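Welcome! Here is a short guided walk through one protein model, taken a piece at a time. Keep the picture at hand as you read.

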Amino acid sequence: MFRWPITVYYEDTDAGGVVYHSNYLKFFERARSEWLRAMGVCQGTLLKQDLAFLVRRAELDFCHAARFEQQLWVESRI
């Protein structure tokens, strides 16, 4: 498992300061990219070779809404 800190910015929220649902996927993608970087995988080099890691499936369970200026931890695992 890999954990990556995320700060919720105003641009991530709706008018009420709650994270817009599709932005959670952006948080996950950032954490996934950082996980690969932490393992020494350079995605730019792979893309030049026409290789890429693709997300096949994502599962989201909304337990609590994230809000403006909140600090979150995104966990990535296979």
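In this predicted model, a good place to start is W4, which stands opposite V74 in β2. The two strands involved, β1 and β2, run antiparallel and are joined by 6 bridges. Strand β1 covers residues 2-7, and β2 covers residues 71-76.

**The two faces of β2**

Which residues of β2 lie on its covered face, and which on its uncovered one? L72, V74 and S76 make up the covered face, while Q71, W73 and E75 make up the uncovered one. W73 has a charged partner: R3 lies over the face of its ring, at 4.6 Å from the ring centre.

On the covered face, L72 deserves a second look. L72 counts as buried because its relative accessibility is 17%, and buried means under 20%. Leaving aside neighbours within four places in sequence, L72 is in contact with W4, P5, I6, V8, F27 and A66. G44, by contrast, is 28 residues away from L72 in sequence and 27 Å away in space, C-alpha to C-alpha.

**The helix α1**

Helix α1 runs over residues 23-38. How does the span of α1 compare with what its residues should give? At 1.5 Å a residue, its 16 residues should span 22 Å, and the end C-alpha atoms are 23 Å apart, which agrees. The buried residues of this helix are N23, Y24, F27, A31, R32, S33, E34, W35 and L36. They pack against β1, α2 and β2. A general point helps when reading such a list: an α-helix has 3.6 residues a turn, so residues three or four places apart point the same way.

Just after α1 comes G40, with a positive phi of about 85°. V41 then lies in the loop between α1 and α2. With 25% relative accessibility, V41 counts as partly exposed. Its contacts, leaving aside neighbours within four places in sequence, are L36, L46 and F53. V41 and F62 are 21 residues apart in sequence, and their C-alpha atoms are 30 Å apart in space.

**The nonpolar core**

Which residues form the largest nonpolar core? There are 9 of them: I6, V8, V19, Y24, F27, A31, A66, L72 and V74. Both α1 and β2 supply at least two residues each to this core. The largest share, 3 residues, comes from α1.

V8, one of the core residues, has a long list of partners. Leaving aside neighbours within four places in sequence, V8 is in contact with T13, V19, F27, A66, R67, F68, E69, Q70 and L72.

**Aromatic rings**

The model has 5 aromatic pairs. In one of them, the rings of F2 and W4 have their centres 6.1 Å apart and their planes at 15°, so the pair is stacked. F2 is buried, with a relative accessible area of 14%, whereas W4 is partly exposed at 29%. Another pair is Y24 and F62: their ring centres are 5.2 Å apart and their planes stand at 75°, so this pair is edge-to-face. Why does the Y24 and F62 pair tie together parts that are 38 residues apart in sequence? Y24 lies in helix α1, but F62 lies in the loop between α2 and β2, so the pair links those parts. Y24 is buried, with a relative accessible area of 11%, while F62 counts as exposed at 53%. Ring pairs also link F2, W4 and W35 into a cluster.

**Two residues with a positive phi**

The loop between α2 and β2 also holds D50 and E69. Each has a positive phi although neither is a glycine. Here they are side by side:

| Residue | Phi | Relative accessible area |
|---|---|---|
| D50 | near 60° | 72%, exposed |
| E69 | about 70° | 56%, exposed |

E69 has already appeared above, among the contacts of V8.

**Putting it together**

To recap, β1 and β2 pair in an antiparallel way, and the buried residues of α1 pack against β1, α2 and β2. L72, which lies in strand β2, belongs to the largest nonpolar core along with F27 and V8. When you return to the picture, try finding L72 and then its contacts, including F27 and V8.

How values were computed
Residues are numbered from 1 along each chain as its sequence is written. This is a predicted model: local features need pLDDT of at least 70, side-chain atom pairs count only at pLDDT 80 or more; totals for chains, interfaces and linings use all residues. Side-chain values use heavy atoms; hydrogens and water are left out. Rings of Phe, Tyr and Trp (its six-membered ring) pair if their centres lie within 6.5 Å; planes under 30 degrees apart count as stacked, over 60 as edge-to-face and the rest as tilted. Buried means under 20% relative accessible area, exposed over 50%, partly exposed in between (1.4 Å probe, protein chains only). Helices (H or I, at least four residues) and strands (E, at least two) are DSSP runs, numbered from the N terminus. A charge sits over a ring if NZ of Lys or CZ of Arg is within 6 Å of the ring centre and within 35 degrees of the ring normal. The expected span of a helix is 1.5 Å times one less than its number of residues. Contact means heavy atoms within 4.5 Å. Two strands pair if DSSP finds at least two bridges between them. A nonpolar core is a set of buried Ala, Val, Leu, Ile, Met, Phe, Trp, Tyr and Cys residues joined through side-chain atoms within 4.5 Å.
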